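Open the model in your viewer and get ready to click through some charged side chains. We will go stop by stop, with a note on what to select at each one.

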Amino acid sequence: MSEFMKGRGRTLCRRALGRNSAAGAGHWAKFVVGVFVLAGCAGPEQKPADEAKDAPQLYWPAPPDRPRFKYEFRLRSPSDIEETTEERRLKQLLAGAPPGTEPAFQKPIAVAARQGRIYVADTVGRTIVVFDVPRRKVFRFGLRNPGTLTKPVDIAIDGKGQVYVVDATHRGVFVYDNLGLFIRNIGGPGDLERPTGVAVDRDGERIYVIDRASNESDQHRVIAYGKDGEKLFELGKRGQGEGEFNVPLQGAVGSDGTLYVLDAGNFRVQAFAPDGRFLRAFGKVGNQLGDLARPRGVAIDAEDNLYVTDANFGNFQIFNRDGQLLMAVGTPGTEDRPARYGLLSGIAVDETGRVYVADQLFNKIEVFRPVPEDEARSVLAGEGSP
C-alpha cells in the first residue's frame, strides 16, 4: 500500500492555502454557531481513552503540521441547516421522529456554492437541490418548464450569481438565476455528444462545456461559448498529446481566465489560455502522492489552487497552478464519518475558501473551512480537537 493510501500525505502542506475571509462574518458566522446542534455530525463524540484512536480527524493536515482546513459539517437533509427551536423540538418529540431528516438528494454528482447557497446536482432526482444557509431553507429547481432537467451532471456559477447546469440527456446547458428561475439555453444536440462538465469565467462572458462523447468517438473536446450562447471555438480531439483529451470530465476557470480541464483518461489536468492556446499540463497515473488514479472532479480557489477529487484514493488533492502538490484531505472508508469517502464525485470552493465535496456512496456533501492563524496555534498547542 502506498504512503498516500496510508494517509501520510498530510505532511506535504507546503504553504498557506486560501483565505478565511468570512470566518466570523455574516450568515456563515450565525450558521456555524449552531451547526453542531443542527447537523448532529460535525463534532467528535466523547469516547473512552482506549477508543480515542478511532476519533475522526477534523483538522487537515493533523498536528504537528500546521492545520489548513477543518471539517465543518455535513449536508444531506433539510434538518442539517434548519433552525432548531423549542417548538420544533417539542413537535419532534411528539412525532417520535425529527421532520426534514429524509435525504434532500439521491445521488449527488456535482456541487457549487456562492454567498451561502450550496447547489447540488442530483442525477436520480433530476433536479438541483439548494441549501440556502442565510434563509435556513432547502429548495429545488429544474423541475418545470422552461428549464426542466433530465440528467444534470455539473454546475458552475459566475460572478453575478447565475447558475449554469449541464444536462447530459438534453446535451446542453441550462442557465438560471441564483433562485433557480430559467434564463436561457446554451449549446444543444447539434454541438454536443455527451457533455459532462461546465465552467464559466467570473464575468460570465465565456462558458466552456466539456464533452467526453462516447468511448468510441474521437470528439473528446471542449466547446467555448459566448455569454449569449454563440459558439466561439472548439478545443482538442481524442488523444494523448498537448491539447488532446481522453475522457475529459470537468473544468474550472482561474482568476486570470485560464481554463483548467480534468483530462481523466489521461490522468492529468490541462491548462488553456482564454483564446484556447495550450499552456501546460500536470499529473500522471499512479498510486503515490500527487498521482491520479480515478479523478472525478476539479475546482479552483481564489488563489488559483486546484482541487481534484479521486474516487480511487478516497480524497481530494490540492495543487498549485503549476501542478505542485500542496496537501491531501480525506481517506477511503466503509463507514460514513468525517473525511471518509466511498465514491467521491464533484468538488467546489466558494468565495470564503470553504470546500464542498460530494460523495455518492454515503450520499453526502461535506464542508471544510480554512483554519485561521490563531486557531492553528491553539490546535498545535494542544487546545483544539485532533
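## A buried acid without a partner

Select Asp359: this residue is buried (under 20% relative accessible area, where exposed is over 50% and partly exposed is in between, with a 1.4 Å probe and protein chains only). Yet Asp359 has no salt bridge (a side-chain nitrogen of Lys or Arg within 4 Å of a carboxyl oxygen of Asp or Glu). The nearest side chain of opposite charge, Lys364, is 5.8 Å away; Lys and Arg count as positive and Asp and Glu as negative, while His and the chain ends are not counted.

Before moving on, note that this is a predicted model, in which local features need pLDDT of at least 70, side-chain atom pairs count only at pLDDT 80 or more, and totals for chains, interfaces and linings use all residues. Residues are numbered from 1 along each chain as its sequence is written, and side-chain values use heavy atoms, with hydrogens and water left out.

Now show the surroundings. Asp359 lies in strand 26 (residues 355-359); strands are DSSP runs of E with at least two residues, helices are runs of H or I with at least four, and both are numbered from the N terminus. What does the side chain of Asp359 reach? It reaches the backbone nitrogen of Leu361, at 3.1 Å. Leaving aside residues up to four places away in sequence, Asp359 touches Pro108, Tyr341, Gly342, Leu343, Leu344 and Lys364 (contact means heavy atoms within 4.5 Å).

## On to the salt bridges

The structure holds 18 salt bridges. Here are some to select.

- **Arg66 and Glu373.** Their closest N and O atoms are 2.9 Å apart. The pair links distant parts of the chain, 307 residues apart: Arg66 sits in the loop between strand 1 (59-60) and strand 2 (69-75), and Glu373 in helix 4 (residues 373-380). Arg66 is buried, at 18% relative accessible area, whereas Glu373 is partly exposed, at 44%.
- **Arg74 and Asp80.** This salt bridge has its closest N and O atoms 3.7 Å apart, and both residues are buried.
- **Asp132 and Arg117.** These side chains meet in a salt bridge at 3.0 Å, N to O. Asp132 is in strand 5 (residues 127-132) and Arg117 in strand 4 (residues 117-122), so the pair ties together parts 15 residues apart in sequence. Asp132 is buried, with a relative accessible area of 0%, and Arg117 is buried too, at 16%.

For the last stop, select Arg76, Asp336, Lys364 and Glu366, which are linked in a network of salt bridges.

Conventions. Polar contact = N/O pair within 3.5 Å; in protein donor to acceptor, adjacent residues only side chain to side chain.
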